[in-house]
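Good morning, and thank you for making time for this one. Please have a look at the chain as it comes up, and then I will walk through it from the overall build down to a few single residues.

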Amino acid sequence: MNSDALRWLQAQLGPDSNTADLTGRYERLGSARAVALEVLHERIATLVAEPLKVTVNGVATIDNSANLAALERQVSQLREATAPDDLPLADHNLLMTVQLCSRPRR
């Protein structure tokens, strides 16, 4: 993984992300976008595994539903963003030739 992809991953996932873990995932998955999506899906799964809201009357309330919504928004934005190792899209304005075959006439 090059340094541009690593910096992009750290910008998406936070600077405290484990570099060795990101590098291992990149070698297994092959793209920075796939690594970021996998990490975000793991974070979502961790939040969903526990109750999103816990209230102790008169003492404290812990609500993680906003965190879950933020992670889901980040996943949808990440699917549309351009990663540094993405292949360039093909130009749709290319000319193309088609060979026509003559067919027998009557």
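Of the contacts in the protein chain with a separation of 6 or more, what percentage is accounted for by residues 24 or more positions apart? The share is 54%, and I should say at once that this is a predicted model, so please hear every value that follows as computed from that model.

Let me begin with the elements. The protein chain has four helices and two strands, and, read from the N terminus, the order is α-α-α-β-β-α, with the two strands placed between the third helix and the fourth.

As for the overall dimensions, the radius of gyration of the protein chain is 23 Å, whereas a compact globule of 106 residues would have a value near 13 Å. Taken along the principal axes, the box that the C-alpha atoms fill is roughly 90 × 40 × 20 Å.

Turning to the surface, the accessible area of the protein chain is about 8400 Å², and carbon and sulfur atoms hold 53% of that, while 24% of the 106 residues are buried. On the charged side chains, there are 11 positive and 13 negative ones, and the centres of these two sets are 15 Å apart.

Now to the interior. In soluble globular proteins, nonpolar side chains tend to be buried together. In this chain the largest nonpolar core has 20 residues, and the members that touch the most others are W8, L9, L13 and L22. Two or more residues of this core come from each of α1 (3-13), α2 (19-29), α3 (32-49) and α4 (65-80), and the largest share, eight residues, is supplied by α3. If we leave aside residues up to four places away in sequence, L9 touches M1, G14, L22, A32, V35 and A36.

From α3 I would pick out two leucines. L37 sits in helix α3 and counts as buried because its relative accessibility is 12%, where the cut-off is under 20%. Beyond its sequence neighbours up to four places away, L37 touches V75, L78 and R79, and its C-alpha atom is 21 Å from that of E50, a residue 13 positions apart from it along the chain.

The other one is L47, also located in helix α3, and its relative accessible area of 17% makes it buried as well. With residues up to four places away again left out, L47 touches L52, N64, N67, L68 and L71, whereas V75, 28 residues apart from L47 in sequence, is 15 Å from it, C-alpha to C-alpha.

Is R25, a residue that carries a charge in our count, buried or exposed? R25 belongs to helix α2, and it is buried, with a relative accessible area of 11%. Its contacts, not counting residues up to four places away in sequence, are with G30, V35, E38, V39 and E42.

Finally, a residue from the other end of the chain's accessibility range: C101 lies in the segment after α4 and is exposed, because its relative accessible area is 68% and the cut-off for exposed is over 50%. The C-alpha atom of C101 is 53 Å from that of L22, and the two residues are 79 positions apart along the chain. Thank you, and I am glad to take comments.

Note on methods:
Residues numbered from 1 in each chain as written. Predicted model: local features only at pLDDT ≥ 70, side-chain atom pairs only at ≥ 80, totals over all residues. Heavy atoms only, no water. Rg over C-alpha atoms; globule rule 2.2 N^0.38 Å. Buried < 20%, exposed > 50% of the residue type's maximum accessible area, 1.4 Å probe, protein only. Contact = heavy atoms within 4.5 Å. Areas by Shrake-Rupley, 256 points an atom, 1.4 Å probe, with all protein chains shown as cover. Lys, Arg positive; Asp, Glu negative; His and termini not counted. Charge placed at Lys NZ, Arg CZ, Asp CG, Glu CD. Core = buried A, V, L, I, M, F, W, Y, C linked by side-chain atoms within 4.5 Å.
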